[in-house]
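Here is a short tour of a multi-chain model, written for someone who likes cut-offs stated alongside the claims. Have a look at the structure first, and then we can walk through it together.

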Amino acid sequence: MSEKILMKGNEAFCEAAIRGGVRFYFGYPITPQSEIPEYMAAHLDDEGGCFVQAESELGAVNMGLGAAASGGNVMLSSSSPGIALMQEGFAGLCVCHLPALVVSVARGGPGIGDIRPSQADYRQATRGGGNGDYHLITFIPTTVQEAVDLIYEGVTLADEYRNPVCILVDAMMGQMMEPIILPAYKKTFMTDAEIRSHKPWALTGQGKRAEKNRIHAMPWSPEELMATNLEQKAYYDKAEKELVRYEATGLDDAEVVFVAYGTPARITGEAMDMLEEEGIRTGMIRPISAWPYPYEAFEKIGGKTKVVITVELSFGQMMEDVKLGVRGRLPVSLICRTGGVLFTSEEIVSETKEILKGVTE
Amino acid sequence: MKTVFEYTKNMEEVSTSYCPGCTHGIAHRLIMEVLEEKDITDKTVGIAPVGCSIAAPRFMKIDMIESFHGRAPAVASGMRRVLPDKYIFTYQGDGDLTSIGGNEILHAAERGEKFSTFFINNAIYGMTGGQMAPTTLIGQKATTAPRGRYVEKHGMPLRMCEIISQCQCAVYVERVALDTPVHVRQAKKAIRRAFDVQEKRLGFSFVELLSTCPSNWGLPPVKAVEWLADNMIPYYPLKQFACPEEVK
Amino acid sequence: MAKGILKFNIDKCKGCGLCIHYCPQKILGIDVELVNALGYHPVGLLKPDECVACATCAIMCPDGVINVYSEE
């Protein structure tokens, strides 16, 4: 049964994961997502699961890998420098065809950085800092409710695609409180028999199986490695067909099309209202999936558009994907802040007008 | 005709990829023999490290996974949460456990994780061709200590049993060696005690097995076991550091 | 003392010599006439009648080459 409740983002993410079937969480404190391990510490055991505060993010991601290898539904979370430490583990989860739900709460960077909102981990999530050919299936919600829905679905998608699913949010979304509807509890698969039936590849001890199971973290020949990569590529090809998500508004007659997600999308929405009042027609493409990216949305941009403006809390990490989508048909510009600094809707309005002037002269 | 010794069925038929005289072959066999004798083979999951014994899943007939360098204790900790009733062990070399994995093993011991770690200490990095390990002895040559390890530059070798036994939840900690038949028999008893500790859910069990690396020591196998006895045992004494009454 | 009977899986032997070194009866040696499937000169049993089935050779073998039996 669904309930509406006022919840802090980080806590809502946990509740969504638990209801989606997560029963194993491994994490380490780091601002601005420490509420996630705290909430899981308080609630996960009562749900029949296990919480472990690991010795580091390196420990946490590898605990997650072990639990996922044995058939558990796992959630991991961290922020920017902690996600940097988890990169080898993410690549490992992918090559092992293992599911996991990852929540990345981005803060200012690079390095130790700042604790305020940022979107400068977009490239980290979608292009990866781990080695080899792999992808994190990545979603970029804009509201806490959207994050809740994507996390809930993401637990099942991770199992279906045998791959980590990453929900990338900014620090503000982790910290803010919004009224949300929580989804209903999904069935979990926890007993030996349930795991053997639901995930026959899992490492549970051979038992009555005819053969031992081996999870090939390190295949034995280049041919074996290529074969295992091709197996995972089949899932990625499927994701590119089935998991592209976005929202597009006002593209038919927009002079300016904004591309934004997360907190900047909300601020840009306000700026668009202000620009409309001044007679400047605007539209927005709001990507919801970052990998696979909704390149197809850019085909819908109408003939009146003069410029596409990416609004991001980074030096244009998503703009790289926007340019791929636009295919050189229109100029692409950037309105950005980094390091944890935010823009106001007024600043977006005035910078948009400067950009428009530059484009039309 | 009476059977005195038959090679355990828990090892695959294929030849191992280990060098001639490498004591990994003995260590693998002892663990698999204990599983067979305790009849827990089909309830056991093993975690291989990065190192020569990343090959272990090819030779041990149990569910296994290779882990990132040093991370096996974390993988085992995660696995233990999903499999409360199974037997889990990590099998790690000295680079894996004492260098890059120092933090993971320390905290597995701190938490009293209910799995067993078998630490193969041969005082050198094997797989990558003979670099210095944290357990390389003073004066011992390695490719990254070509003039030999010396204190001023490299510090003193790490004695892991001594460190791990400081963690109160590491309830069974023993150092054994694989250089002589007497020591090999003692090593098997230690491995069995480790699995008994798991069976009784008493806490973390840790067995350090002093081992040879003939290839990277530059010694034939028979000279290598003699070198182990003459040089490693004096610095790494064979000893039971902690043992619960229930498994003595 | 019971007479020992050794069975060798010769193609798994890497000629490491540990069994030869530790055999208390000194009845094992490297067979330099033979090259096995792995390309090594494997172990050979020099004096079968003197084997006492102590299984020291099998215990020290890293490669599972030797199985040990004894006459009843």
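## A helix with two sides

On helix α13(A), the face turned away from the buried side carries the exposed residues Glu346(A), Glu354(A), Lys357(A) and Gly358(A). Here a residue is exposed if 12 or fewer other C-beta atoms lie within 10 Å of its own, buried if 20 or more do, and partly exposed in between, with C-beta atoms placed from the backbone. Helices (H or I, at least four residues) and strands (E, at least two) are DSSP runs, numbered from the N terminus.

Please keep in mind that this is a predicted model, in which local features need pLDDT of at least 70 and side-chain atom pairs count only at pLDDT 80 or more, while totals for chains, interfaces and linings use all residues. Residues are numbered from 1 along each chain as its sequence is written, and chains are lettered from A and ligands numbered from 1 in the order in which they are written.

Which residues of α13(A) are buried? They are Ile348(A), Val349(A) and Thr352(A). Seen down the helix axis, these buried residues fall within an arc of 100 degrees, so they line one face of α13(A); the arc is that of the directions from the helix axis to the C-beta atoms. As general background, an α-helix has 3.6 residues a turn, so residues three or four places apart point the same way. The cover over the buried residues of α13(A) includes β11 (256–259), α11 (262–277), β14 (307–312) and β15 (332–336) of chain A.

## Where chains A and B meet

Between the two chains, 32 residues of chain A are in contact with 28 residues of chain B, a contact being two C-beta atoms, placed from the backbone, within 7 Å. On the chain A side, the elements giving two or more residues are β2 (24–27), β3 (50–53), α3 (57–69), α5 (87–95) and β9 (214–215). The largest share, nine residues, comes from α3(A).

The two chains also share a sheet. This open sheet of eight strands has mixed pairing and the order β9(A)-β3(B)-β2(B)-β4(B)-β5(B)-β7(B)-β6(B)-β8(B); strands pair if DSSP finds at least two bridges between them. At its edges stand β9 of chain A and β8 (239–242) of chain B, each with a single partner strand, so one side of each is left without a neighbour in the sheet. Strand β9(A) runs parallel to β3 (residues 63–66) of chain B, joined by two bridges, and Arg214(A) stands opposite Met64(B). Within chain B, six bridges join the parallel strands β5 (residues 116–121) and β7 (residues 204–210), with Thr117(B) opposite Phe206(B).

## Chains B and C as whole folds

Chain B has ten helices and eight strands; chain C has two helices and four strands, in the order β-α-β-β-α-β from the N terminus. The table gives the extents of their C-alpha atoms along the principal axes and their buried shares.

| Chain | C-alpha extent | Buried share |
|---|---|---|
| Chain B | about 50 × 50 × 30 Å | 60% of 248 residues |
| Chain C | roughly 35 × 20 × 20 Å | 44% of 72 residues |

For chain C, the radius of gyration is 11 Å, close to the 11 Å from the globule rule for 72 residues, so this chain is as compact as a globular protein of that length. The radius is taken over C-alpha atoms, and the rule is 2.2 Å times the number of residues to the power 0.38.
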